[in-house]
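Welcome! Let us take a friendly walk through this structure, one part after another.

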Amino acid sequence: MKKQHKEVVFGLYNDEEILLKAVKEAHHQHLDIMDVYTPFPVHGLDKAMHLEESRLHIAGFVFGALGTLTAFLGMTWIFTRDWPIIFGGKPYWSVPSFIPITFELTVLFAAIGMVVSFYTVCGLGPGVTNPVLDDRITDDKFCIAFDADHCAPEEIQRLRDFLTRTGAEEIHAKSL
Amino acid sequence: MAMHTGDLTFTMTKRERSVLFGFMGLGVLCMVITFLGDDALHSRFWSNYLMNAVFFTGISFVALFVLAAFTTAYAGWHTVVKRLWESYSLFLLAGLALLLVVIAGLWGHLHHLYHWSDTEAVKADPVLSGKAGFLNKYWYTFGTLLIVGIWYFLFARPMRKLSISEDNNGDASFRQYRTYKKYAAIFLPVGGFTSAALIWQWVMSVDSHWYSTLFAWYTTASWFVAFMALTILMIIYLHARGVMLFVTTEHLHDLGKYLFAFSIFWTYLWFSQYMLIWYGNVGEETVYFHTRINEYPVLFYGNLVINFLLPFFVLMRNDTKRKVGTLFFVSLAVLLGRFLDFFQMIKPGVLHTTHEVLAHHGTEGGAAEAAHHHSDFAAGFTIPGLLEWGTFLGFLAFFIWFVFTRLEKAPLLPKNDPFLAESLHHHVQ
């Protein structure tokens with residue numbers, strides 16, 4: 001990953017209800033939230049942040065369909081062209097016996113494809129370290145972070161005021 | 001929390017009553033016409049009757065089973081739908097009455113639905129005489145009365161009573177809920193094992209020579225999907241009526257997921273049964289599929305299209321399960337599809353038995369009928385005719401009427417259920 005420095009202002013909240021209200025308030029005031037970090041999934045957060053629906057399931061479908069085709073066409077080629085064998089007195093092209101493997105490869109392709117897509121989109125993977133704003137957001141703190149790059153001091157102050165007013169327990173700035 | 005819940009009680013309108021009775025009348029009319037225009041054994045009439053009786057009794061059994069399973073699993077989201085399912089489960093009593101007619105027909109030799117009921121045929125047939133210990137009218141009668149009786153009198157009715165008592169005198173001790181949970185936990189194994197025995201008798205023994213160890217699961221899965229589809233349709237209708245508005249899109253989404261998942265589960269069982277028989281290639285087993293593929297191809301493949309491909313591809317997406325229009329369309333299609341599934345489970349076997357009996361008993365025309373055997377197209381057997389659909393509508397109207405009368409008797413929202421708040425705030429996304 002390319003190195004870049006980014007100024008971030010973030011507030012830590014103690015409760016997900018307060019956080020949820022703050023997120024809605026931010027949208028109301030047209031403040032652009034960079035991201036929200038929570039130790040567990042918070043119901044209604046996606047909606048409050050106006051995030052668009054994940055497209056991961058489309059990737060899942062495409063990879064799944066790829067698995068179906070790979071398995072089915074692969075077995076068809078093997079058993080009719082490449083290495084035809086009679087087993088159980090069945091025809092070479094025995095569709096019912098292909099179904100279990102086709103099913104398995106569909107699931108396998110969809111699963112692996114979705115994991116890889118997800119990791120790629122999120123910039124995760126082996127050997128990648130991602131900066132953490134505060135260790136406690138994996139434990140009991142809820143965090144709203146603002147991108148404060150190239151922000152005038154008064155703008156940063158406005159973000160800090162917002163965080164204080166909406167009930168943040170702590171406010172920090174960090175350079176990532 | 002302020003929320004628009006709609007009316008908390010349900011009263012059947014005059015119009016609903018007359019429409020439902022109109023359809024019941026249509027059903028009876030169709031059955032009379034079928035009876036009069038039938039072959040000497042009235043097999044079309046009787047198989048239609050058996051099919052519908054088993055179909056709706058099964059739906060009410062699954063309702064009870066689902067309530068028991070969800071309660072045992074500490075599920076909370078379904079509480080708002082609970083009263084509807086309780087009403088379904090009470091239909092077991094009506095189902096028992098419906099099946100008593102089949103039993104009466106068995107004792108009075110009024111029908112030949114089951115080849116094993118033919119004493120001469122059993123004597124001459126080593127396979128049938130081998131099974132005679134289980135497949136006989138005594139077991140059929142005793143099993144049906146005892147098992148459906150246990151379901152209704154020992155479980156469905158007491159559980160409903162507890163649920164209503166909770167409404168009236170429930171308190172923070174949740175004593176009714178605790179007792180309800182015990183009933184639920186006991187019903188799971190009881191219902192699970194006994195339903196299989198009934199399915200062998202009611203449905204599988206129509207093909208008396210044939211058997212499949214997976215068949216009970218297969219039929220139960222079919223009932224389950226029909227039950228879910230009917231639940232969704234009923235909720236959409238009640239919403240249009242302005243009641244049960246506390247069942248939200250979130251609950252419908254979950255019900256849609258069940259419809260989706262169990263359509264796949266049914267397909268899995270369908271395929272497992274098919275593939276093992278195909279692979280084993282034993283004549284006694286393959287005859288079941290041989291008949292269906294060669295003589296009922298539309299039914300056989302249509303079954304998979306309407307009950308697997310359609311719900312699978314339509315309900316796969318997140319948003320289709322949250323749109324009333326799509327859900328309604330899929331549920332309706334799948335409900336009719338389940339009917340087709342039962343049709344292809346029961347009709348080919350009955351037609352075969354009819355031909356056998358007619359040929360052996362030498363009734364006039366019987367020999368001729370047996371001569372062209374079952375390769376001919378037989379309306380009402382090869383595909384459902386108008387009379388089949390009319391009969392189905394009649395039974396459906398009876399079921400809905402019965403459910404409505406039970407729905408009238410209790411508030412729609414179980415107000416003292418410990419999981420009510422969880423259910424009202426249910427969110428899936």
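In chain B, take the contacts between residues at least 6 apart in sequence: 81% of them join residues at least 24 apart. Please keep in mind that this is a predicted model.

Let us stay with chain B and look at its overall build. Its secondary structure consists of 16 helices and zero strands. Measured out along the principal axes, its C-alpha trace spans about 75 × 45 × 40 Å. How does the radius of gyration of chain B fit that of a compact globule? For 429 residues such a globule would come near 22 Å, and chain B has 22 Å, so the two agree. Of the 429 residues in chain B, 44% are buried.

Now let us follow the helices, starting with α1 of chain B, which covers residues 14-36. Its 23 residues should span 33 Å because each residue adds 1.5 Å, and the end C-alpha atoms are indeed 33 Å apart. Which residues of α1(B) are buried? They are Leu20(B), Phe23(B), Gly27(B), Cys30(B), Met31(B) and Thr34(B). These buried residues pack against α2 and α15 of chain B, and those two helices are our next stop.

Helix α2(B) has 30 residues. From its first C-alpha to its last it reaches 42 Å, close to the 44 Å expected at 1.5 Å a residue. Is α2(B) mostly covered or mostly uncovered? It is mostly covered, with 27 of its 30 residues buried. Just after this helix, Tyr74(B) takes a positive phi of about 60 degrees.

Helix α2 (residues 43-72) also packs against helix α15 (residues 386-408) of chain B. Their axes are 10 Å apart and meet at an angle of about 35 degrees, and the crossing of α2(B) and α15(B) is right-handed. On the α2(B) side, the contact is made by Asn48(B), Asn52(B) and Phe56(B). On the α15(B) side, Glu388(B), Thr391(B), Phe392(B), Phe395(B) and Phe399(B) take part. By type, the residues of this contact divide into four nonpolar, three polar and one charged.

Further along the chain we come to Thr194(B), which lies in helix α8 (residues 175-202) of chain B. Why does Thr194(B) count as partly exposed? The reason is that 18 other C-beta atoms lie within 10 Å of Thr194(B), whereas a buried residue needs 20 or more and an exposed one has 12 or fewer. Thr194(B) and Ile150(B) are 44 residues apart in sequence, and their C-alpha atoms are 9.8 Å apart in space.

It is time to turn to chain A. This chain has five helices and four strands, and along the sequence they follow the pattern β-α-β-α-α-α-β-α-β. Its C-alpha atoms fill a box of roughly 80 × 35 × 30 Å along the principal axes. A compact globule of 176 residues would have a radius of gyration near 16 Å, but chain A has 25 Å. Buried residues make up 18% of its 176 residues. Among contacts in chain A between residues at least 6 apart in sequence, 79% link residues at least 24 apart.

Finally, where do the two chains meet? Six residues of chain B are in contact with five residues of chain A. On the chain B side, the touching residues divide into five nonpolar, one polar and no charged.

Terms used
Residues numbered from 1 in each chain as written. Chains lettered and ligands numbered in written order. Predicted model: local features only at pLDDT ≥ 70, side-chain atom pairs only at ≥ 80, totals over all residues. Contact = placed C-beta atoms within 7 Å. Nonpolar A, V, L, I, M, F, W, Y, C, P; charged D, E, K, R; others polar. Rg over C-alpha atoms; globule rule 2.2 N^0.38 Å. Axes fitted to C-alpha atoms, helices over the stretch in contact; angles between N-to-C directions. Left-handed = near helix turned anticlockwise from the far one by under 90°. Expected span 1.5 Å × (residues − 1).
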